[in-house]
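Hi,

Here is the structure I promised to pass on. Have a look at it first, and my notes on what turned up are just below.

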Amino acid sequence: MFTTQLLDVVTTAGVLYIVALGLLIVYGVLKIINLAHGAFLAVGAYAGVVTTGLGWNPWTALLVAFVIGVAGAALVEWRVLRGLYARPMDTILATWGLNIIVVQLITLYFGREIRFAESAIGRAVNIGGATYSEYRLVLLLLAVVLGVGVWLVMQRTQIGIVARAVIMNEELAQALGINTRLVRFVTFGLGAGLAALAGALLTPLVSVHPNLGVPWLINAFMLVLVAGVSLLNLALAALVLGGAQVLVSSYGNPVLGSLTIVILAVIILRFRTITI
Amino acid sequence: MRSERPALAVEGLEGGYADSAVLRGVTLEVRPAEIFAILGKNGMGKTTLLKTMMGLLAARSGRVEVLGADVSRWAPYRITRLGVSYVPQEKSIFQDLSVEENLRLALRDLSEFTARLEAVARWFPILKSRRGQRAGTLSGGEQKMLLIGRALLTRPSLVLIDEISEGLQPAVITKLREVLTEERRARGLAIVLVEQNVDFAFALAQRYAVLKVGTVVETGRTADVGARERIERHLVL
């Protein structure tokens, strides 16, 4: 029992981390909250449904979802967001509007019924006497790989130095000859691609429907508000708040559990005086 | 000599922030291998002028020509790629990046980084010896060395420098003066120096302009008799 719950806590944290990572990257570099993040996640989830429905290897869904997410985001950044960066409130409205449009388009094409996708790994493994889903453990591993990978890129590569420079002071980065428009374009594409990738990864764990992305967006949004632009803080926030969600769902009730992250985030933000 | 294209030519430049007009028809010209000082009190539009010339602020009207190209509507990164370096006045190092990371940001072709660093380190050895140190932990004078080192790393043809001497110890000012003078002499570097420190500006510049309420009210040669007195009168009034 204890082992299972411990694994639930860490794997839930891993899933939340994967979902929130793209949102944090976009928030850090572009200084906007992409409220279409949930829509890209839903697109990724349906990419999983379609590819497995076609009989393709479930792992191909990840690539398909990522490519669709990046391509869609490139179009959105180019045609919608580029003219709005000086008006942050309008970017929030525009991305939320985009979320509504995407959800409606998905509904038009796929309908409202719940769909399921085949899991790439259906096995369970025995850990410390507990039988546990191997797929969830793979997700945890993937969260670690993504987190470390993004950290290494940010810390050890010229692309990372440029991204950090834009996060710290965009005008100064421009003055040094950095094409910040290109940085924004690539970052938004990467963030949305990660959201779609997260959606495809989630499909074996959740029922897929057009509004799938909204609750995940809310939780990811809260985690990013608590974490700021730190990858490590995001991991801690996912572990603590996600862990609390699991425990409240287990010992309290699932409805309260689904609100746990939001409630805790609001409390933390209310009493926090400095960024974690 | 005057037939050479100017390093920088500004004509009737107007600009500012939102509803506030700061520049009111600025016209000036900087020749190749010339150090040109723009002097004026606080709030007269000096920094706004540099930012508008660099494309960081949109010009409302007028024309900016850099090294023969009309850059009036260009993005800042395109202007820098012509061979222009800009040294802003405040918060202009990335405090949380290392000295080396700050320097690397200036270069597009990193294969030349080591050679360029060696060249700049001849002027400022700390940029090499403390390359791994977080830039925000450098002293004020060392941060200014990093700024100038970063600007020179790209081997520019034109450098725009905003109040570099402010708050610096005399020894550091002397060092910066020596570096800028020698870069101009050896490489033909043109420098636009925005300053309130008339001593520093006069020690370096061949010509000057005084900016008052967004307008050039006087230009001349620093060697002219009475130039300094006239400038100081503008700075007081």
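Start with two helices of chain A in this predicted model: α1(A), residues 2-30, and α5(A), residues 134-156, whose axes come within 8 Å and cross at roughly 45°. An angle of 45° is neither under 35 degrees nor in the range 65 to 115, so α1(A) and α5(A) count as oblique to each other. The crossing of α1(A) past α5(A) is left-handed. On the α1(A) side the contact includes A:Val10, A:Gly14, A:Tyr17 and A:Leu21, and on the α5(A) side A:Arg136, A:Leu140, A:Ala143 and A:Val150 are among the residues that take part. If you sort the contact by class, you get 12 nonpolar, three polar and one charged residues.

Zooming out to chain A as a whole, there are 11 helices and two strands. Going along the sequence, the pattern reads α-α-α-α-β-β-α-α-α-α-α-α-α. The radius of gyration of chain A is 18 Å and the globule rule gives 19 Å for 276 residues, so chain A is as compact as a globular protein of that length. Along the principal axes, the C-alpha atoms of chain A fill a box of roughly 60 × 45 × 35 Å.

Next, where the chains meet. How many residues does the contact take from chain A and from chain B? Chain A puts in 15 residues and chain B 18 residues. On the chain A side, the elements giving two or more residues are α6 (158-168) and α7 (170-175), and α6(A) gives the most, with six residues. That side of chain A divides into eight nonpolar, five polar and two charged residues.

Chain B has a nice sheet to look at. It is an open one of six strands, in the order β6-β7-β8-β3-β9-β10, with mixed pairing. The edge strands, each pairing on one side only, are β6 (84-87) and β10 (215-221) of chain B. From one strand to the next the twist averages 15°. At the β6(B) edge, four bridges join that strand to β7(B), residues 158-162, and the two run parallel. To find the spot, look for B:Ser85, whose bridge partner in β7(B) is B:Val159.

Last one: helix α9 of chain B, residues 227-236, lies across β3 (35-39), β9 (207-212) and β10 of chain B, and runs at about 160° to β10(B).

Happy browsing!

Key:
Residues are numbered from 1 along each chain as its sequence is written. Chains are lettered from A and ligands numbered from 1 in the order in which they are written. This is a predicted model: local features need pLDDT of at least 70, side-chain atom pairs count only at pLDDT 80 or more; totals for chains, interfaces and linings use all residues. Two strands pair if DSSP finds at least two bridges between them. Axes are lines fitted to C-alpha atoms, for helices over the stretch in contact, and angles run from 0 to 180 degrees between N-to-C directions. Two residues are in contact if their C-beta atoms, placed from the backbone, lie within 7 Å. Angles under 35 degrees count as roughly parallel, over 145 as roughly antiparallel, 65 to 115 as roughly perpendicular and the rest as oblique. A crossing is left-handed if the near helix is turned anticlockwise from the far one by less than a right angle, and right-handed if clockwise. Ala, Val, Leu, Ile, Met, Phe, Trp, Tyr, Cys and Pro count as nonpolar, Asp, Glu, Lys and Arg as charged, and the others, Gly among them, as polar. The radius of gyration is taken over C-alpha atoms; the globule rule is 2.2 Å times the number of residues to the power 0.38.
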